[in-house]
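Me: I'm new to reading protein structures. Could you take a close look at one part with me and walk me through how the pieces fit together?

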Amino acid sequence: MPASGSAIPTIRSNAGLVRALRGRLGSVRFLMTASGLAFILVVNALIGYGILQSRREALDAGERATRDLARMLEAQTLRTAFSVDQLLRDQAFALDTHPDGGRRGSAAIHDHLRQRRDSFGELADLVVVGADGFALHHSADAPLPPFPLSDRTYFTHARDRASPGLLVGGPIVSRVRPGTRVIPLSRRWADENGRFRGVLVALVDPTRLAATLESQRIDRKGSVILALEDGTVLLERPQDRIGLTRLADWPAVQRALAAQDEATIRGSTPMTGPAAASSAAAISGGGAVDSLISVRRVQGYPFVIVATLPVRAALADWQRDTAAWTAIGTVMTIAIALLTAFVVRQHARREEDQARLARASRRIRGILDSMLDAVVTFDTAGRIVTFNRSAEVMFGVPEREMIGQPIEALIPDARGGANDRDLTALRRDGRAFPVGFTVSDLRLGAGPCSAAPYPAAVGARRPGSSPALSPEEPRIYVGVIRDMTRRKQQEAEVIASKTQAELANRAKSEFLANMSHELRTPLNAIIGFAEVLDSEFFGTVNERQKSCITDIHDSGRHLLDIVNAVLDMSKLESGQFELCEEPVEVHEAVAHCLMMVRDRAASGGVVLNNLVTGAVATLWVDQRAFKQVILNLLSNAVKFTPGGGSVTITAGLDQEGNEDGGFRLSVADTGIGIPPEFMADLFQPFRQADNAANRRYEGTGLGLSISKNFIDLHGGTLTCDSVPGSGTTMTIRLPPSRVADHPAKVAGQAVGAA
């Protein structure tokens, strides 16, 4: 029994603890605090994941940077080696054919070699060594060296080996320019029977060979090494950062080259030079640096390229970002914690805020008096309760005279029906003026504000009748009155301006059409007379006259094209352009347009790719308009594509855009692209992305606008897809009814409007 009695208080205390805990867990304060902590954990977890992900991305970007450095040096080396090899071949032929080729110290040969050296930026000197080991010719301004060069490796290899290929030797100190290190590239010089006549040597300046790399500021990113296959280091940039003379002292690179011709690895970079030693000590405190290493073996030449980037340098931006994100996470944690505490505190102070809101309601009168618009409050019977100062100024009546008066004394049609409408108000002197009248419902009790406007709530109740409202729920309507006199005047002015602009635009179109007709007649005469003069019908002309005649003809043709474009635009805007439809073979139209832009593309170094090689489709279109559209698109693509780019035209049935077999033609280029902010105005007339006075590309800005209107007349669409810096694709789509052999025939089809 005692044991049973002692268990009862324990059970009761446990039940009380459970109730207290349940009440604590169910409180709003606890839920808010728990939500804040959970949000803090989620935010910090996301930031940590982003930091780890950005580290992997930084290392990947570092590997790409080393590969890019290696490729840059490879491209420069290949270009130099190929050019030097071709130069030495040409020199061998010149020496064989020139009568002074074998005579030592020929002035003509010296001038020739000096000119070739000056035209080749990487060359320090060109030397021709005879079979006896003495220099026959060279491009230097100094006299020929009197000492033999037979101890040079490039001479002994060429003499002892019959290989005619390019020989690359290790860096040597120039004897003509003391203190200058050069890289010798040589070829064996033999007569027609293969007998050894000497060696042709091109001495390459390493500092000029690395000029491209110097412009990339590789000293802030990493280093690059150019070496021979036997490990001899030819070039290192920055100078003496690593300080190796042979790649055999770098085991990691040797293992990578033994496995494959191209690889990117992570390993230690030996730092042996004086500048490299201080750099390594500054970075890691030791003789090696953890780096990203990219190795490449140059195909066709005995070169090996190594590019390095310290891991610390690759992660420098990541470390700064990590510090920033850590700070952001800390700030967000503090901000969320403070916000949670603030919200919890605000919940506890809700009662106090409600009291403050009640006190603030007494300030409404002051706010109403400070408003620029007239504010009038009235009851359900329409009697005015308050009348602010702006209303006194607007109607010329003091508030004391308007209290209790009907709202119709100010606005006769105040009970007309719809809310927020334009009405006519009366001033004290009887003058009428336009106003905007907005009414809202305000309940001055515990109940919420009603959404019903004054006219709907009051109905047909007239002023003077008693309000049908209980004392517990008084209702007041707030009317905001705005003087619309100035606005109405502005609307009238806008309408008049619009009408005037439309008339001016119509007059402009008619003027352009008339002037285009008047200008084409003398232009045709100018072009015709230029063609007659160029054909020398009236007599022989000299070259300067021919050039002037060509300029006159080209200028006249260009001006005629502009006039025709303006005339077409004028007809399209006025709706007077009519289609002359006929069957047109797509591939023939494309070929004709490509022939017209071929010379311009060739002069600009742009490759034209015609993928419309066969009979694609026969279209029922206006042949001149259809060709004009294709020519405009091709001309724009060639004009905005830099040298080395390409323009590709394709055509076929559009299964994607029209399931019934419509037609699609695309012109894609690899040019400069179109800025996104200009896409909205792309097809507007006389608009160009570059509108500066000194713009780079000529043109009137009518081509795309005319093309768009021509395609619209045919019931099709012209769309543009462009990426700045990558190129633009213009796509023409015509409906199935324009395909001549499609079941949907064009007979009876109405001409579209521009």
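Reply: Let's begin with a pair of strands: β10 (residues 288–297) and β11 (residues 303–310) run antiparallel to each other and are joined over seven bridges. Within this pairing, V295 sits opposite V306 in β11. Keep in mind that you are looking at a predicted model.

In general, strands in a sheet are held together through backbone hydrogen bonds, in either a parallel or an antiparallel way. Here, the two strands belong to an open sheet of five strands, and its order is β8-β7-β11-β10-β9, with antiparallel pairing. Now follow that order out to its ends: β8 (233–237) and β9 (262–270) are the edge strands, and each has a single partner strand, so one side of each has no neighbour in the sheet. On average, neighbouring strands of this sheet are turned by 20 degrees against each other, direction ignored.

Next, see what lies against the sheet. Helix α2 packs on it, touching β7 (223–228), β8, β9, β10 and β11, and the direction of α2 makes about 150 degrees with that of β11. Helix α7 (residues 251–259) packs on the sheet too, where it touches β9, β10 and β11; its direction makes about 30 degrees with that of β10.

You will meet α2 again elsewhere: α2 (28–97) is included in what covers the buried residues of α10. Those buried residues are W318, T322, G329, I336, T340 and V344. As for the length of α10 (residues 316–348), its 33 residues should span 48 Å at 1.5 Å a residue, and its end C-alpha atoms are indeed 48 Å apart, so the two values agree.

Methods:
Residues numbered from 1 in each chain as written. Predicted model: local features only at pLDDT ≥ 70, side-chain atom pairs only at ≥ 80, totals over all residues. Heavy atoms only, no water. Helix = DSSP H or I, 4+ residues; strand = E, 2+ residues; numbered from the N terminus. Expected span 1.5 Å × (residues − 1). Buried < 20%, exposed > 50% of the residue type's maximum accessible area, 1.4 Å probe, protein only. Contact = heavy atoms within 4.5 Å. Pairing = 2+ DSSP bridges. Axes fitted to C-alpha atoms, helices over the stretch in contact; angles between N-to-C directions.
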